[in-house]
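Student: I would like a close look at a single part of this structure, taken slowly and with its surroundings. Could you walk me through one helix and what lies around it?

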Amino acid sequence: MPSIEKHAETSLNRTGKDYLVLHEWIDKDPATKVERHDITKIHEYGQKMLDQYGKEGLQEYLQHIHDDLLTRFGHVKEDLEKSIQDTLAYFGVTSRPKKVFPSEYETLLDDLELLRKAGVSLDDAVHCQRVCRKALEIASKVNKPMNYNLVARGGLLHDLGKARGRADDHGCLGSEIGRTMGLPKDVLQIMETHVKAGLTPEEAREAGIPEKDYTPETLEEKIVVYADKLVDIIYSPDKVVESETEAEERFVELLSSHPKLAKSPHAGLRHINIYREIQSHINVG
Ligand SMILES: [Fe+2]
Ligand SMILES: [Fe+2]
């Protein structure tokens, strides 16, 4: 929740007056604080504000309540908007995105259709879209040259193999399906290397796929791995974080303390190494 000072600063920027007394009246006394934020009291308190501070004061009182609600529930609104867009896009009913990478979007819609045709469920397709969006967001912050189109397509298609199963072989299964569909080699590579942040030859043998090292090599592969794990954290049914920023900030701690998120101790460590590498490219100016 914004502090009293923050509310006063916002009022000052909006009206030229800080309305500090008004914000203190709403926030300061713990005994009355809850009641003074009660939206069913808006008419009663609104009249009081109008009498005491005039129209502008009434507006600042309402704005205070509004800003608090937005801080508390803003992410719910964002989540809902995102899910609606994800679901619409799955069925091919979508408007073009207004901002990044517009020229690539036609390909992405085709890729989404490809997921659907291959038999990927709606839930998994929504996950893939989230990973695609998150991967592009990370890519835009990384100070290194890279292939954004590959990041987007890799993010969207990384779980194509979930059309056939959810085990550790789903990266290779996806790559097989993708090969028959004529997808480029670098996209297939992203599917193969994303599982558990890169299976070792031994883990590959256990998973029943060709015994080799699946370590992600390119920046694009690593970004998809990182985005995939962030999305797992953000949308975890256990609700381990409150925001996307928190998932990034507490990444290492969360993977170390939640075996379900890490999937295995080795995979957890690999994720943390990739996280550190990517963060080092983000922090360098
Ligand atoms: Fe996956
Ligand atoms: Fe995934």
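**Helix H9 and its surroundings**

Tutor: In this predicted model, the elements that cover the buried residues of helix H9 include H7, H8 and helix H11 (219-234). Helix H9 itself spans residues 185-194 and is mostly covered, since seven of its 10 residues are buried. Those buried residues are Val187, Leu188, Ile190, Met191, Glu192, Thr193 and His194. An α-helix has 3.6 residues a turn, so residues three or four places apart point the same way. Just after H9, the backbone at Lys196 adopts a positive phi of about 50°.

One of the buried residues of H9, His194, leads to the metal site. The iron ion (ligand 1) has as its protein donors His194 through NE2, His170 through NE2 and Asp159 through OD, at 2.1 to 2.2 Å. Along the sequence, the donor residues of this iron ion (ligand 1) follow the spacing D-x10-H-x23-H. Asp159 also coordinates the iron ion (ligand 2), and the two iron ions are 3.4 Å apart. Because Asp159 lies in the loop between helix H7 (148-157) and helix H8 (170-180), while His170 lies in helix H8, this pair ties together parts that are 11 residues apart in sequence. Asp159 counts as buried, at 2% relative accessibility, and His170 is likewise buried, with a relative accessible area of 8%.

Of the elements that cover H9, helix H11 brings us to the aromatic pairs, of which the structure holds five. One of them joins Tyr19 and Tyr53 in an edge-to-face arrangement, 6.2 Å centre to centre with 75° between the planes. Tyr19 lies in the loop between helix H1 (4-15) and helix H2 (20-27) and Tyr53 in helix H4 (residues 42-90), so that pair ties together parts 34 residues apart in sequence. Tyr19 counts as buried at 9% relative accessibility, whereas Tyr53, at 24%, counts as partly exposed.

The pair that involves helix H11 is formed by Tyr226 and Phe251, which are edge-to-face at 5.3 Å centre to centre and 80° between the planes. Since Tyr226 lies in helix H11 and Phe251 in helix H13 (residues 251-257), the pair ties together parts that are 25 residues apart in sequence. Both Tyr226 and Phe251 are buried, and ring pairs link these two with Tyr275 into a cluster. Another aromatic ring, that of Tyr235, has the charged end of Arg130 sitting over it, 3.6 Å from its centre.

How values were computed
Residues are numbered from 1 along each chain as its sequence is written. Chains are lettered from A and ligands numbered from 1 in the order in which they are written. This is a predicted model: local features need pLDDT of at least 70, side-chain atom pairs count only at pLDDT 80 or more; totals for chains, interfaces and linings use all residues. Side-chain values use heavy atoms; hydrogens and water are left out. Donors are N, O and S atoms within 2.8 Å of the metal (3.2 Å for Na, K and Ca); water is not among the atoms, so sites may look incomplete. Helices (H or I, at least four residues) and strands (E, at least two) are DSSP runs, numbered from the N terminus. Buried means under 20% relative accessible area, exposed over 50%, partly exposed in between (1.4 Å probe, protein chains only). Contact means heavy atoms within 4.5 Å. Rings of Phe, Tyr and Trp (its six-membered ring) pair if their centres lie within 6.5 Å; planes under 30 degrees apart count as stacked, over 60 as edge-to-face and the rest as tilted. A charge sits over a ring if NZ of Lys or CZ of Arg is within 6 Å of the ring centre and within 35 degrees of the ring normal.
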